[in-house]
Amino acid sequence: MDVKTLKIDDQLISARGDETILEAATASGIHIPTLCNLQGVSLWGACRLCLVEVSGSSKLLAACVTPVAEGMIVQTQTKRLKHYRRMIVELLFAEGNHICSVCVSNHHCELQDLAIEMGIDHVRFTYQFPDRSVDISHPQFGVDHNRCVLCTRCIRVCDEIEGAHTWDMAGRGRKSRVITDLNQPWGEAESCTACGKCVNACPTGAIFRRGSTVAEMEHDRSQLEFISTARTRREWVQ
Ligand code: FES
């Protein structure tokens, strides 16, 4: 087996040659914040919360998509990284309508968890207060685009785990948004199997089970582990 030896936060680590920095760090108990990453589906590397410093590289690298290398020296908690991560989370809060107290995902939200982890109690950027649509045409589920962070986890689980390919991305820049079946209302999306995997994979309250209680949201989140272990990325690639 191809084994690489590297240092993460001064800890000497051995990792398989096909592992990412994030996988190697996680396996060694080193926490790196993530948002778009979801174990078991393809890598995306979009949110940039998992940025790390790698000696010899002038750029910050996303740990979730950067493979380990022999002799690599990685820092995950420098002042610069904490500064950028905090800024990313604040920008996400400013860019959407994340009003935790009235959100169906309150206390079960990865964006909220990140804010708590980083000690964010205010946002320095101007709130955009977007007025995006809310689709509740599906009898069981709904999507509130104002809470979507465009992580694409819903798209990837739907495509790679369920095989339905109901979700996709449309638009560019600020107009980007997730869509169902070539922009049909979700309730009219014929490819949707109503499996609910997208609900479980959504890190915020953007995709939700209609009329769900806190207990049901807790159950949905517990299913995330099932999704992650259902099919590892390597099994999928093979
Ligand atoms: Fe690595 Fe999003 S978790 S870029």
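## Exercises on a buried histidine and two cores

H138 counts as buried (under 20% relative accessible area, 1.4 Å probe, protein chains only), because its relative accessibility is 7%. This is a predicted model, in which local features need pLDDT of at least 70, side-chain atom pairs count only at pLDDT 80 or more, and totals for chains, interfaces and linings use all residues. Residues are numbered from 1 along each chain as its sequence is written, and side-chain values use heavy atoms, with hydrogens and water left out.

**Exercise 1.** Find where H138 sits and which residues it is in contact with, leaving aside neighbours within four places in sequence.

*Solution.* Start with the chain: H138 belongs to the loop between strand 6 (134–135) and strand 7 (141–144). Strands here are DSSP runs of E with at least two residues, and helices are runs of H or I with at least four, numbered from the N terminus. Next, look for contacts, meaning heavy atoms within 4.5 Å. Beyond its neighbours within four places in sequence, H138 is in contact with W186, G187, C192, A194 and R210. Finally, a polar atom of the H138 side chain lies 3.0 Å from the backbone nitrogen of Q140.

**Exercise 2.** Work out which elements supply the largest nonpolar core.

*Solution.* A nonpolar core is a set of buried Ala, Val, Leu, Ile, Met, Phe, Trp, Tyr and Cys residues joined through side-chain atoms within 4.5 Å. The largest one has 22 residues, and I8 and I21 are among those with the most contacts inside it. Strand 1 (3–8), strand 2 (11–16), helix 1 (21–27) and strand 3 (51–54) each supply at least two residues of this core. Helix 1 gives the most, 4 residues. A second, separate core of 18 residues includes C36, F93, L111 and V123.

How values were computed:
Buried means under 20% relative accessible area, exposed over 50%, partly exposed in between (1.4 Å probe, protein chains only). A polar contact is a pair of N or O atoms within 3.5 Å; within protein, one must be able to donate a hydrogen and the other to accept it, and residues adjacent in sequence count only if both atoms are side-chain atoms.
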